[in-house]
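Hello,

Here is the structure we talked about handing over. My notes on it follow below.

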Amino acid sequence: MQNKGFVKIFAVALSLVCLFYLSFSIVTRYYTNKAKEYAAGDMMKESFYLDSLSTEKVWLNYTLKQAREMEINLGLDLKGGMNVVLELNVADVIRSLSGNNTNENFNKALAEAQSKHSLTSKDFITVFVEEYKKLDPNARLSAVFSTFDLKDKIKPESSDEEVIKVIREELKSAIDNSFNVLRTRIDRFGVVSPNIQRLETDGRILVELPGVKEPERVRKLLQGSANLEFWETYSLPEIYPALIQANNIIRVANELEEENKANSTETVVEEVVTDSSSTGIDALVSSLTEADSLASTPDQKQNPLFAVLMPNVQGGTPIPSAAVGRAHYKDTATVSKYLNMKQVKDLLPRNVMFKWTVKPQDEKGQYYDLIALKVSSRDGKAPLEGDVITDARDDFSQTTGYSEVSMTMNAEGAKKWARLTKENVGKSIAIVLDGFVYSFPRVNGEIPGGRSSITGDFTPEEAKDLANVLKSGKMAASIHIVQEDIVGPSLGQEAINDGVLSFAIALILLMIYMCGAYGLIPGMIANCALIVNIFFTLGILASFQAVLTLSGIAGMVLTLGMAVDANVLIYERTKEELRAGKNIKKAIEDGYKNAFSAIFDSNLTTIITGIVLFYFGTGPIRGFATTLIIGLVSSFITAVFLTRIVYEGLLAKGKLQNLTFTTRFTKNFLTHTTFNFLAKRKVGYILPLILIVIGAISLGTLGLNNGIDFTGGRNYVIRFDKDVNTEEIKDLLNEDFGSIGVITIGSNNQVRISTNYKIEDNTESVDNEITTKLYEGLTPLLDGATQEEFVADYIKSSQKVGPSMADDIKNGAILAIIFSMICMAIYILFRFRDISFSVGTIASIAVTVCSIIALYSLLWRFMPFSMEVDQTFIAAILTIIGYSMNDTVVVFDRIRETIATYPNRDRYQVINDALNSTLARTFSTSFSTMLVVITIFILGGSTIRSFTFAILLGIIIGTYSTLFIATPIAYEIQAREIKKKKAAAAKK
């Protein structure tokens, strides 16, 4: 083998990289187990233990927090939690940018774009412009968008292209700001390892929150509006004496509480506050000097406030800053609690209000500053709000050498800003969004004209974030949930158990099969390659910081079956070379060489379908696609290169001289077959055609069992304490919900309830309303459980897909299938340079896909498991397209090879010989893959049973289509071309 040294170096380097990234999972698992041991079931203690170590270096100079970010994370379907897709209302953003223009055509175009956007793959802005031009072809967009706020960017004479560019930039800023606000809210929510990312569709953001137990609170948190405000501030010297007094009052309150006196703490402390005698405040303050207060800060009892809030003091003197002090993130709640005590509030100025900074102020990311705001209006509102901002951008200051943020205000805002800055020269003005302080710049002088520049020690990213925050004030855009999945922790643990069990058994069965089919040594070499393949796949997943989902485990198990195919191809070709009389060394060398093109083509075509899956899919489908692609790449490396190095090494030592790559079970199995496939081609055409026609009739009558991914709606998986009847549940709920679907999921005491009741209603109350209706309807089956117990213990998971999201998923699925088939046809044409192979491939794929859809239409009412057509079904179809191509490519490769060797041999004989010579490989690959899929189908859990059933059908029908559809059609076309050439030659 050429480049053997490079392969060895690459394999060692890849192994080290994989080992490096996988080590973080081992380390974090070690510390998680230690935390569990320490906590003994107390979640608060466990969290405290892990938090205390989060900034400590635990492995290879990485902190525990960094190590947890580097480990392989489990998806929500494996560990429970909440998955939400939020959508920014792009129409609201465009309407806001137009200054809420009342132009009839403009508003009609917006309405049309909203209704048609889901029916096309174009982005919203493109659809809006097209609709606007339909209503008035000669209208200029600048007439609508050349507002006062955008006067610096859009002039009346600006071209449509320039206007569209500005709209896209402004929309991106709105999405970026929504993303940052959501990220901040989620960080403050206290979820471990949250995931938030922008999606390709304009205005959509994916949020994954593991372990969430309060979905209603999360919904409010994510969908709440964010208000941008500018506040005056207090300087620390102005309130520091009051804080010292507050510290003493809190100490007394805590002491009295500990002593457990008869009177309540609040009453006694109030007496202390109001008493003017020697036992009152003056005496307390005089008895404790400022130096004593600060010197004993670590003492929680003596200085409860200053033990958790480090005042901004230098040399005993308070620094004139709006930042009162700094606190550890675990102490911020305690500080807020102390400052909200009635006795403490009475000491502080009436108009002071405290807010925390949005970001930590230290390198380790643990300490936040507390800012003192001044409420100067009677109604308690900020003196200036974000709706006056017309523009904000991040720049680089040549003077300071740092990034800065410039902002522009409208006329009304400019007047208020001039007054505000004039009255606060030398003080800070805090910029507050969503209740957190993003910046509190010091005012150097009055700023007239509404143009300002905020300077500071900003990184470019921080400056950009602040600019987006400032621009958010003018965007009156709502954000709402369009898709939601909630998985309970118990269901997640069951999914882990099912996934691991199916994976382990599938691996064992594959190993037994390989040893039984090809002998102990070849089988074990292939099995070792499988194990290395798993190691590489997990290592690469970890390096990408990918999330491992149940569908990802299914993808890995499926990859095992497809990885075996490479070894099968090599071993079958090696057996042919041995039968031709070659010695073992030459047979293995030629076996690898002759199988390479088929392995390369079949793997690449499946990877193409994986890429299409990743591009068009969302959530778990992407997890499946990622695992499939990585698994196929690593299987190619292990099967083609690493196993060959092993064989060459053993042969060089004089070993393996008696290998036959057969056992007594497979020695003569399918070795000299002479089946005339082409003679049966008409029957081969008719059988699937009959199935497809029957399926078409069924589609027109029974239809398909479309999941909520395609129709929109809500799913609830509910587990009862005893077996239940689905018809009884329907009867109990039909009155409240109208049309409702109920099916058994897994065991007889677990059902899934589907409804599209009020699916277009995005108000916060509708989810609670549906939960209440479910509880009230199902009360007879709940054995006296309360509604809270019903939500916590009975509802195991829930899912919501809004109508717009459902339309996008459905359109994406159709495009994915069409695009995948086109890619396959182009690749086959490119590789084989013969249109007959491309036509045969497309026909074979089309027959396979149509047959599966027909069977799903015919069987979904009768099978004992859900056969929904949803995203996972589309993933199965695309996987089958790749698998079917895999099988077809191997046969076509043999045909091409035979034609090149015997160009004058009868084409009928060539193709029949090719089909027969690859029959052993076809059987072995199909059987091994079916073995894996059947294992997943039986043991992989109810959530992916429909997915694996579709793949199982696809393996059977795909193999049939290769033998009786793809190859015969290719023969028909080639035979006609040969006849034409002979006829043309005869004329000459």
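**Notes on the model**

Leu651 is part of helix 24, which covers residues 620–652. Please keep in mind throughout that this is a predicted model. With a relative accessible area of 12%, Leu651 falls under the 20% cut-off and is therefore buried. Apart from its neighbours within four places in sequence, Leu651 has contacts with Ile584, Lys585, Ile588, Leu656 and Gln657. Pro320 is 331 residues from Leu651 in sequence, and the two C-alpha atoms are 81 Å apart in space.

Next, the salt bridges. There are 35 of them in the structure, and three are described here.

Lys593 pairs with Asp590, with 3.9 Å between the closest N and O atoms. Both residues belong to helix 23 (residues 584–616), where they sit three residues apart, about one turn of the helix. Is each partner buried or exposed? Lys593 is exposed, at a relative accessible area of 55%, whereas Asp590 is buried, at 4%.

Glu868 and Arg752 form a salt bridge through their side chains, at 2.3 Å from N to O. Glu868 is in the loop between helix 31 (835–859) and helix 32 (871–901), and Arg752 is in strand 24, so this pair ties together parts of the chain that lie 116 residues apart in sequence. Both Glu868 and Arg752 are buried.

Asp893 and Arg896 also meet in a salt bridge, at 2.6 Å from N to O. These two are three residues apart in helix 32, so about one helical turn separates them. Asp893 counts as buried, at 4% relative accessibility, while Arg896 is partly exposed, at 26%. On a wider scale, salt bridges with shared partners link Glu577, Lys582, Lys586, Asp590 and Lys593 into one network.

Last, helix 28. How far apart are its end C-alpha atoms, and does that agree with the expected span? Helix 28 has 14 residues (765–778), so at 1.5 Å a residue the span should be 20 Å; the end C-alpha atoms are 20 Å apart, which agrees. Its buried residues are Val766, Asp767, Ile770, Thr771, Lys773, Leu774, Tyr775, Gly777 and Leu778. Among the elements that cover these buried residues are three helices, namely helix 10 (215–223), helix 27 (726–737) and helix 29 (787–794). The cover also includes strand 22 (713–719), strand 24 (750–755) and strand 25 (795–801). Strand 24 is also where Arg752, the partner of Glu868, is found.

Regards

Terms used: Residues numbered from 1 in each chain as written. Predicted model: local features only at pLDDT ≥ 70, side-chain atom pairs only at ≥ 80, totals over all residues. Heavy atoms only, no water. Helix = DSSP H or I, 4+ residues; strand = E, 2+ residues; numbered from the N terminus. Expected span 1.5 Å × (residues − 1). Buried < 20%, exposed > 50% of the residue type's maximum accessible area, 1.4 Å probe, protein only. Contact = heavy atoms within 4.5 Å. Salt bridge = Lys/Arg side-chain N within 4 Å of Asp/Glu carboxyl O.
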